[in-house]
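Student: I have a chain to look at and would like to go through it step by step. Can we begin with the whole and then take single residues?

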Amino acid sequence: MEKNTVLAIVVSSLIIMGWFFLQPILFPRPEQAPGQTGHPATETSPVVPAAGEGAPDGKAGEFGVPADTPASTDISGGSNVPASGGNLESGPETAEDPVSEPEERIVIETDIIQAVLSSAGGDMVSYRLKEHKDKGEMVEMILPTQENGQAKEFHAFTVAFGGLDAQPVNANFRVSKPAPLLVEFSRDFSMRGYPGTFTLVKRYEFKNNEYMFQLTVYISSDSGIPLNFNNAAYTLGFGPQIGPSFQKLDQRYEYRHYYSLANGKRSNVKPNTVQDSRFTWAGIAGKYFAAIVVPDNTLYGLSFSDKPEPGISVTSHMSLIRPAINTASTSDVFHFYLGPKNQENLGRYDTGDNGFKLRDLDFTKAGSTSGILGPLESFLKWLLLLMYKLVHNYGVAIIFLTLLVKILLFPLTKKSSEATIKMQAIAPKIKEVQAKYKDNPAKMNAELGALYKKEGHNPLSGCLPLLIQMPLFFAMYNLFNNHFDLRGAMFIPGWIPDLSLP
């Protein structure tokens with residue numbers, strides 16, 4: 001092939017690839033203005049009836065708080081968390097005080113998940129997916145780490161009174177289990193300089209065949225004290241990292257993306273910042289799994305953090321900051337999805353075909369590919385799934401899809417090959433012109449143009465068909481690199497046991 005043609009192909013290819021990389025920089029997604037979003041109330045969403053109807057009103061004994069259990073006044077970091085008019089303080093302990101009791105673990109099992117809850121803080125310390133494996137074990141979505149050769153677990157869904165700088169509560173809570181898939185944690189706290197106590201309740205509700213669970217955070221003061229701790233009521237935190245385990249985030253075989261959805265539009269959220277808005281959902285998306293929170297229709301501060309924390313060097317922490325309120329109680333409902341990032345499971349929250357009856361959440365946007373090639377990738381994915389239904393082997397389905405694409409592109413490939421052969425045929429004449437007019441570039445270009453016209457050849461006719469095919473090849477690569485069903489898919493036993501690996 002003539003040198004200038006090769007150069008044209010290389011330069012054109014670099015321009016196209018450069019455009020894909022520069023597009024998100026030159027044309028970033030616009031910031032979403034705060035808007036009224038959220039999700040419909042569910043049948044199980046708790047409401048706060050009037051006092052006397054068996055609803056929480058700040059008094060012990062209601063909303064799962066035993067009336068005869070003395071209040072505890074201990075909170076992690078309490079002396080450093082200013083309150084409205086005073087600080088949280090440590091008070092006297094009694095023999096019945098839960099803080100003197102050992103930590104209690106509660107194991108929740110459904111048909112597809114196994115969760116472990118701790119009375120320390122009322123937090124979750126494990127959430128494993130039964131149908132998905134990581135090195136032969138169930139995928140752990142609250143990723144532990146190794147410290148001195150020993151596994152170190154982390155607490156997720158922590159509550160801290162105040163903003164991002166407040167320390168999570170880690171004192172032992174009272175535990176109640178009203179139903180097999182329902183757990184309540186409760187504890188009372190006092191505030192220096194104010195009479196009475198306020199109660200924190202964390203209520204977890206799970207359902208069979210769901211990667212989602214419902215978390216209700218209820219805080220109430222029995223003395224009418226507004227819930228204001230450094231201009232925030234509390235911060236609900238998930239982290240420090242989602243599973244499965246990985247060597248590094250190389251952005252190819254594993255990555256972390258931070259998203260929020262408002263007004264039907266997905267936006268990338270920059271880590272280590274705070275975004276105050278009403279949003280339908282926010283989440284952390286890895287290559288194959290995601291952690292997504294659907295809050296109630298309240299203005300929350302949203303923050304993601306990738307800063308190292310003690311015991312783990314690579315984090316993906318998500319925090320929801322509840323603004324301070326002027327009333328003495330609040331009951332907030334959150335739905336958390338921790339599971340696979342595939343169409344089958346995410347799509348259930350668009351159609352309402354789920355245990356919580358949530359719909360129109362656009363969860364699939366947490367797993368979709370952004371950019372101008374998204375529709376093309378979706379079409380190729382549809383073809384791949386069609387092939388898989390025919391052969392029930394993804395390796396063979398990929399081969400069939402590749403053959404189909406080559407057949408569809410054959411006219412362009414044929415034209416490109418014919419142009420290459422034509423260029424080779426007239427190459428001697430081109431060299432003659434170049435040698436004859438090497439000292440006169442303008443004349444040489446004019447003579448070459450006349451030669452191409454005489455021979456009926458366009459020097460770009462071999463390059464353009466290749467450029468037209470390139471977006472398709474990019475889309476195919478992205479599909480094969482991210483399609484969830486290829487994770488762990490066997491092609492040839494003993495040789496290619498997992499089509500998602502390098």
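The questions below go from the whole chain to its cores and then to one residue.

Student: How many helices and strands does the chain have?

Tutor: This is a predicted model. The chain has 502 residues, of which 48% count as buried. Its secondary structure comes to eight helices and 22 strands.

Student: Which strand gives the most to the largest nonpolar core?

Tutor: In soluble globular proteins, nonpolar side chains tend to be buried together. Here the largest nonpolar core has 73 residues, and those touching the most other members include F157, F206 and F238. The strand that gives the most to this core, with six residues, is β19 (residues 289–295).

Student: How many residues are in the second core?

Tutor: The second core is separate from the largest one, and Y394, L401, L409 and A489 are among its members. Its count is 17 residues.

Student: Is D134 buried or exposed?

Tutor: D134 lies in strand β5 (residues 123–134). Its relative accessibility is 17%, and the cut-off for buried is under 20%. Because 17% falls under that cut-off, D134 counts as buried.

Student: Which side chain makes a polar contact with the side chain of D134?

Tutor: Leaving aside neighbours within four places in sequence, D134 is in contact with V139, P244, S245 and R487. P244 is 110 residues from D134 along the chain, yet their C-alpha atoms are separated by 6.3 Å. The polar contact, at 3.0 Å, is with the side chain of S245.

Technical notes:
Residues numbered from 1 in each chain as written. Predicted model: local features only at pLDDT ≥ 70, side-chain atom pairs only at ≥ 80, totals over all residues. Heavy atoms only, no water. Helix = DSSP H or I, 4+ residues; strand = E, 2+ residues; numbered from the N terminus. Buried < 20%, exposed > 50% of the residue type's maximum accessible area, 1.4 Å probe, protein only. Core = buried A, V, L, I, M, F, W, Y, C linked by side-chain atoms within 4.5 Å. Contact = heavy atoms within 4.5 Å. Polar contact = N/O pair within 3.5 Å; in protein donor to acceptor, adjacent residues only side chain to side chain.
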